[in-house]
Structure formats: C-alpha cells, structure tokens
Amino acid sequence: CARMASLYLTTLERGMRAAHATHATSVNANTAKHSRTNRASTPRRMMSRTAAAVAPFEFQTATRMVFGRGAFDRVPALVRELAELEGVDTTKNPVLIVTGESERFSKPLEEKLVGELGARAATFRCPRGEPTVASAIACIEFATKNKCGIVVAVGGGTAVDTAKCVAAMITNGGAEPDLYEFLEVVGRAQPLTKRTAPFIAIPTTAGPGAEVAKNSVLEAGDRKVSMRHPFMLPSVAVIDPLLTLTLPRDVTAHTGLDALTQCIEPYVCCAPNPMVDAISMAGILAGAGALRRVVDDGSDIDAREQMCLCSYYGGLSLANAKLGAVHGFSGTLGGLLHAPHGAICAALLPHSWTINIGALEGRVSKDDPELAKRALARYVDVARAITGNPNATARDGVAFLVDLVEHCSVPGLGSFGLKPSDFPSVIEKSKQSSSMKGNAVALNDAELAEMLRLAL
C-alpha cells in the first residue's frame, strides 16, 4: 500500500509539473499585469502547511479511464471488451449511441461498430440545449424499444448526462421504466438496486466533467434536478483532446471556465479532503495556464489537452467533495433562464470570490477568526497558483479571474434575462441546494443578492 501511495503521489506530481510548464508558457506571454514569478515554488509552499487531523472521506470514480490523443479510435475495442465481460450479444442487443444533433463523431463510431464488430447500433440524438427530463424519458423509451445492451455517450454534458440515466434505467427500470422513481426533488428519489448497463462516456467538450460524476442533472420545468447513485459512474471514460478541436470560441470559454470553477470550488469548500486537494490543484494549474491560450487559438492542441485534464480533474473533484455558491446558484438559474450551464458558472465565478473573501475578511473574521483564517488561506493558495505569483493575495486572485472572464467575452446574466426582481426567489431556492451548503462560509441573503447583482 505504501508503495502504491508513493507511486500515485509521484505520478500526480509529474502531472502538476506538466501543468506548471503549460501555465508558465501562458504566464510568460501575459506576465506584467500580475507579477507572475517563481512558479515552481507554489505547490511546495502549500505542501508545507502545518499538518492537521484528516477527516474521514471516500473517493469514487469511473472504473476505467482512457486518456490521450486518438483515444476515440479505441472505442470499438472497448465496446468489444465490455460486451465479452458483461455477456452482451451486440448482434442481438444493439449498442445505444447517445449524442447531440451533429453526426461528426457519432456517424463514424456507428460505422466502426457495425463494420469492425458486426454489432448492431441505434443512435439517439438529444435536442439542442441542456438535458431535460423529457428528452431523457424519450431516450429511455428508445432504448427499451430497441432492446439496447451497451450505452455509449459521445458529446457534451447533455449527451453524457442523458446516457447515464438511460444506462441506469435499462437495468433498474423494469418492463415499464419510470424515471420519476429515481429523480430527486420532482420524483421519489429511490436508490438504484442494480449496476447500470455497461456504459462508455466520451466527452467532446472540456468542461462539465460528467464522464466521471455519479449523477445526471436534468432540467425539469423551471428547475434542475438530479438522479444520483455511485452505480451511475461510467464503466469507461474516454477522453480524447482531438475531439475538442472544433469547439467554437464561446463554448470553449464557457465550458473551460466551468471546468476551472469545478476545480476551484472543491478546493475552497467547507469540507475539503487531501485527495481532492491534490487533484483539484492540478486542475487549477492546468486550467489557469491553458484557458486563455485555447480561447485565443482553438487549434492549440497542447492547450486543448490541458483543458481536458482540467475538466477531468474538476469532475473527479466535484464528485468527491463539495462545491460552492457558483454551483449553488447555477441549478436554479439554469432552470429559470434556460442558459448554458457553463456560461452561468463563468459569469458568477469572479463575483463569488469577491463576496466570499469580503465575508471572510469582515464579519466571519470577527465571529469565527479560526474559520476565516483557514478559508482565506485556501483562497490564497488558489490565487498564487492561478497568478503564478508566490506572494499573491486572495484579492490578486479576484483580479486575475475578472481579467480572465473579460478576456473570454463572458456575457452577464442580465443578457440571459435575469432581473433584480428575480433575486429573492432565486436566492431562496438556491440556499436549499447541496452545492450552496458546500460554500466556504454560509452567505447571508444580502451577500447572495450582491453576488447576483455583480454578475448581471
């Protein structure tokens, strides 16, 4: 066990060094503004923090992850392996391909499954936009009618989250599957009792991290709801940076900032753990260094690769720790505005820092100075990582994020239809979310309203 732990930490440190190298390249091109120097000293400074008792924690992820340029070409072989392992006859039970409106990746995949494996395939195309309960039910009916056995999602978060539900319902739904049996908030939230159908998740964006998360998030009218269970983790996650090369600039920016948020919030949340600390910090370094580059040049495959790592690390982090106010608001706002999840998170990210740091330096430092000190130290860690300045303050981190969001041309929430008159209802609903409860400190209504106002 000690040797395995040492190997894991050595491997992770190598990954962090690679992210440092990518970040340093970006930093050198944009240095003057934030005095980004002495980059290599940052992780070791953080590792030297005084040791304290470690709270118990768990860590769950997909059974297998395949990462790398060209990994998509391995999918037919992975389907064959799963079929043999699970006893699925793909000549009788078609492989279900869940994708978006584009055929760019789904059509060649279907052709390979049929041509190379002799398998049957059935393709379901999700409607444009965020995943919904209605489209998930339609996909479940499609899979049931076609008696599908293995599920493959290839697309953004919509395709992956939809496919997760379907894979679960194939084995847990019975003869007449009812998704509402398992949905939270609007359903009966029953736990799964069986493993899902074999499921391969192939993201084509670098943002949601849904390929390694144990839940699906679906729009249900004016709210977002989840179906969640550890059994919903994919059998295999395949991450190929080449699939992200054709993403337009706005999608690259929004999903990239979502990925960065999903690394930052678990690091500064109220219940961190050492495993997620290491992974989320690696993602922060990768994302902060690569996002500006890839927004400026979508063909920069090295930066695309780093953003895929950032997204992957963010998915691992959010699945195994808590989040914060950005994601606390995003579910409610997504249901209200029907805006892309990544765009909402991007608009809120710098302002969540402004409000949280203000609360910690102000009222929390008076009421609970020890909590304020611990939480602010984590914001400082992140600020020094994203700026590359070993002497950066938390406020320097705010300035960096404001500048990054502006560079990415992120629209304010007002452009999606949010109005000040919506604030009371949005705040009341968002305070009940599990993500909001993970925030570094409990924010009051006035602080939450100011965060929304700044994001308009």
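**Figure 1. The exposed and buried sides of helix H3 in the predicted model.** On the face of H3 that is turned away from its buried side, the exposed residues are Glu84 and Leu85. The buried residues of this helix are Val75, Pro76, Leu78, Val79, Leu82 and Ala83. These buried residues lie on the same side of H3, because they cover an arc of only 160° around the axis. Several elements contribute to the cover over them, including strand S1 (64-67), strand S2 (95-99) and helix H4 (106-117). The cover also includes strand S4 (150-155), strand S5 (199-203) and strand S8 (236-239).

**Figure 2. The length and the end of helix H3.** Helix H3 consists of 12 residues, 75-86. At 1.5 Å a residue, and counting one less than the number of residues, the helix should span 16 Å. The C-alpha atoms at its ends are 16 Å apart, so the model agrees with the expected span. Gly87 follows H3, and the phi angle of Gly87 is positive, near 70°.

**Figure 3. A salt bridge between helix H3 and strand S1.** Side chains of opposite charge can pair when their charged atoms come close. Here the side chains of Glu81 and Arg64 form a salt bridge, with a distance of 2.9 Å from N to O. Glu81 belongs to helix H3 and Arg64 to strand S1, so that the pair links distant parts of the chain, 17 residues apart. Glu81 counts as partly exposed because its relative accessibility is 40%, a value between the limits of 20% and 50%. Arg64 is likewise partly exposed, with a relative accessible area of 30%.

**Figure 4. The salt-bridge network of Arg69, Asp302 and Glu305.** The side chain of Arg69 meets that of Asp302 in a salt bridge of 2.7 Å, N to O. Arg69 lies in the loop between S1 and H3, whereas Asp302 lies in helix H9 (residues 301-320), so the pair ties together parts that are 233 residues apart in sequence. Arg69 is partly exposed, with a relative accessible area of 41%, and Asp302 is partly exposed with a value of 41%. Arg69 also forms a salt bridge with Glu305, in which the closest N and O atoms are 3.1 Å apart. This second pair links distant parts of the chain, as Glu305 is in helix H9 and Arg69 in the loop between S1 and H3, 236 residues apart. Glu305 counts as buried because its relative accessibility is 19%, and buried means under 20%. The salt bridges share partners and thereby join Arg69, Asp302 and Glu305 into one network.

**Figure 5. The surroundings of Thr196.** Thr196 is located in the loop between helix H6 (157-172) and strand S5. With a relative accessible area of 12%, Thr196 is buried. Leaving aside residues up to four places away in sequence, Thr196 touches Ala167, Ala168, Thr171, Phe231 and Met232.

**Figure 6. The protein chain as the setting for the close-up views.** The chain contains 16 helices and 8 strands. Of its 456 residues, 56% are buried. Among contacts with a separation of 6 or more, 80% are between residues 24 or more positions apart. The accessible surface comes to about 18,800 Å², and 54% of this surface belongs to carbon and sulfur atoms. In the whole structure, a search finds 23 salt bridges.

Terms used: Residues are numbered from 1 along each chain as its sequence is written. Side-chain values use heavy atoms; hydrogens and water are left out. Helices (H or I, at least four residues) and strands (E, at least two) are DSSP runs, numbered from the N terminus. Buried means under 20% relative accessible area, exposed over 50%, partly exposed in between (1.4 Å probe, protein chains only). The arc is that of the directions from the helix axis to the C-beta atoms. Contact means heavy atoms within 4.5 Å. Accessible areas come from the Shrake-Rupley method with a 1.4 Å probe; for residues, only the protein chains shown count as cover. A salt bridge is a side-chain nitrogen of Lys or Arg within 4 Å of a carboxyl oxygen of Asp or Glu.
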